[in-house]
Amino acid sequence: MIVKRLISGKGCRVALAAGLATASALAMTSAVAQEDTVRLETIYLKAGTDADGQSVTDERIAQRQPLTLNDFYAAEPEVHVSGADRSTAQRVYVRGIEETSLNVTVDGARQSGNLFRHNGNMGIDPFMLKRVEVEAGTGSALAGPGALGGAIRYETKDAEDLLLPGQRQGVMLRFAGQSNGDRLSPSLGFYGRPDERFSYLVYGSKTWAGNYKDGGGNEVPYSDDEPAEGLVKLRFRPAPDHEIALTHNRREDNGMRATQANFGLPDAEPQDQEFTRETISLRYSYAPAGNPLIDLELRAYDNRSALKRLTASPSEGEWLTSGLDIRNRSELGALVLTYGYDYTREQSRGRAGSGPRVSETGETHGLYLQAEYGFAGHWLASGGLRYDSTSLTDLAGNHYDGDHLSPNVGLRFETAQGLSLFASWSEAHRGVRPVPGTQLTSGINAAATDPTLEGERARTTEIGATFDANGWRAGLILFDTRIEGSILYGGQRGMPYARTRGGDIDSRGFTARLGRDWGDWSLDLSYSRADVDYAGVPVGPGDWSNGVAPQGDKLVLDIAHAMAAHDLQFAWTSILVLAEDDLPATFTALEELPGYAVHDLSVVWRPAEGQEYSLAIQNIFDKRYLDHSTPYSVSGGVTNLYEMGRSIRLAGGWRF
């Protein structure tokens, strides 16, 4: 299925053939070297050239016991998630810019779908994540095509991350429960490395949960869910320095949903919905020891997301993304070059009732080069260039073709005392994309469509500093991202869609961090502010349909204490969001979006290797509040999609 889709374009056929030929030739040259068991890696959130950035460790996941994307990003100052704790409504916003303007990948496979404007586009089991990178703002040439607001990269764990010392085979069993909504989430995994050449992982999880209650004790309707997720990973090392990895990930989340799931309005006619996401990724890498010129990676992937709305007039939307990325990294002394070619094919399909299936398909061919050069002992200069050629034909026969060069430059100075200063400027381009399948079924308003569109362009400027020495850490970054000529699709409430030029998007602000370790204690304080404008006007809760949301000011305090003698870890997290009064004049529901403060407490106990037990109390004081990124004032009234109230979570995990 992957190869069938990937060979649809001539350019891609040539690249794929070249890549496979190279891989075959290289693979014939060597035998496998032994590899030590890998420790769990840190989950990073990067901010432009600030490689230190934010970090979410596997320790944080154990403490918070996140069940959805909302839980996972709750304590990250630059990230908000709309849709409260309705898992099917959640969308991630980075510095106020929606995930649909970011390049989102899972194990290298692009998740670019936009299924239905009132639903989220993906979900993932947080407990199987090894690394997450959030590159806020347009970044390097390696961010991939269409990364207007940055990139989010999810990477799942491998067998080597779970095996205990000396193990060849292993089993993982985990149970998690939550008081609010009576949630139960068991998971089971089998994994192993029978010899030095082969490893495998088979993992599955299932959740049963009822409607949760907000901080006022009110039940939030249609927030129940029963997602199921499976993950299979195979890794084979046929010869020294060669590796082939196959990943298959599938998630289903079905149930009765509010028709407008991201709204909190009473829904007279809820609908039965079925959501499916299936991702397959194949990766080949070759990095010969002692040869700094070759660090080759070839990745092919296929992703399918689908949403079925099973009503009296059923409809369905699909988004299929397939792609290829061939890259090499060469070290030439102090100069490091990464260069390659990528291809992306996006197809949106929709069908209403028993009518015909309609679709739009877009393609992007990209060439990129990114360079880093260290000099004078303390300086690191970076620069890159990305070329994208895009094409799409709409239902009216309009052809949208575009070619664009996107440069980036950066400079970083590091002292021996732990101080770093950096500055960067970068640009990104995205061609005209397919319209969501659920909107295609209403047809196109050809008269209102602008056939001259060539795509969207974004620029980000960042400047900042970091410090890390003697138990202290600190950071400050100032940012300005501008997306020029956003493209709107219209097509609301069953009307035909029409591509038109929308307003420019501006996201400006700063993020500051301060942390300290002493003995068994640690403290981290972060503060982020993002002022987001659309068409020169501050954004309000009703601008979600334009791909932006209010961010405001967010303060996060983390205090942790380790009691090594008793194998215990304690953590306290406070999240403070200030009231937002910089709103458009058209927003008249409130003078300001109310601020709120939420506090969480957790304890993790590891009495023996391979055993982990945790207790978390989320929203201890049962605060009733709305996230600023969730739509508030909409057509039909004022929404009340409140976040989850107090929740007690228990979890136990065993590896043996």
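Trainee: Is W605 buried, partly exposed or exposed, and what is the relative accessibility behind that label?

Mentor: Keep in mind that this is a predicted model. The general idea is that buried means under 20% relative accessible area and exposed means over 50%, with partly exposed in between. W605 comes out at 39%, so this tryptophan counts as partly exposed.

Trainee: Then let's stay with the aromatics. How many aromatic pairs does the structure hold?

Mentor: Ten. One of them joins W605 and Y613, with ring centres 5.6 Å apart and planes at 35°, so the pair is tilted. The reasoning is in the angle: planes under 30 degrees apart count as stacked, over 60 as edge-to-face, and the rest as tilted.

Trainee: Which geometry do Y613 and W654 have?

Mentor: Edge-to-face, because their planes stand at 75°, with the ring centres 5.8 Å apart. This pair links distant parts of the chain: Y613 sits in strand β33 (residues 611-618) and W654 in strand β36 (residues 647-655), 41 residues apart. On accessibility, Y613 has 26% and so is partly exposed. W654 also has 26%, and is therefore partly exposed.

Trainee: Which residues form an aromatic cluster?

Mentor: Look at Y373, F375, W379 and F413, which make up one cluster.

Trainee: On to the surface. Which residues make the nonpolar patch, and what is its area?

Mentor: The patch covers about 660 Å² and is built from L188, F190, V202, V232, L234, F236, I244, L246 and L282. To read a patch, ask which elements feed it. Here β11 (183-195), β13 (228-236) and β14 (242-257) are the ones that give two or more residues. The largest share is from β13, with three.

Trainee: Where does V202 sit?

Mentor: In strand β12 (residues 198-206). V202 has a relative accessible area of 38%, so it is partly exposed. Patch members need over 30% relative accessible area, and that is a cut-off V202 passes.

Trainee: What about charge: which residues gather in the negative patch?

Mentor: D581, D582, E591 and E592 do, on the surface. Take E592 as the example: you'll find this glutamate in the loop between β31 (568-577) and β32 (596-605). E592 has a relative accessible area of 37%, so partly exposed is the right label.

Trainee: And backbone angles? Which sign of phi does Y222 have?

Mentor: General idea first: most residues other than glycine have a negative phi. Y222 has a positive one, about 60°, although it is not a glycine. This tyrosine lies in the loop between β12 and β13, and its relative accessible area of 25% makes it partly exposed.

Trainee: Is N619 buried or exposed?

Mentor: Buried, because its relative accessibility is 4%. N619 also has a positive phi, about 55°, without being a glycine. Its place is the loop between β33 and β34 (633-634).

Trainee: Last one: how far apart are the C-alpha atoms of D600 and R646?

Mentor: The general idea is to set separation along the chain beside separation in space. These two are 46 residues apart along the chain, while their C-alpha atoms are separated by 9.3 Å. D600 belongs to strand β32, and its relative accessibility of 6% is why this aspartate counts as buried.

Methods:
Residues numbered from 1 in each chain as written. Predicted model: local features only at pLDDT ≥ 70, side-chain atom pairs only at ≥ 80, totals over all residues. Heavy atoms only, no water. Patch = residues over 30% accessible without salt bridge, like charges linked within 9 Å, V, L, I, M, F, W, Y side chains within 5 Å. Areas by Shrake-Rupley, 256 points an atom, 1.4 Å probe, with all protein chains shown as cover. Salt bridge = Lys/Arg side-chain N within 4 Å of Asp/Glu carboxyl O. Lys, Arg positive; Asp, Glu negative; His and termini not counted. Charge placed at Lys NZ, Arg CZ, Asp CG, Glu CD. Helix = DSSP H or I, 4+ residues; strand = E, 2+ residues; numbered from the N terminus. Buried < 20%, exposed > 50% of the residue type's maximum accessible area, 1.4 Å probe, protein only. Phe/Tyr/Trp six-rings, centres within 6.5 Å; stacked < 30°, edge-to-face > 60°.
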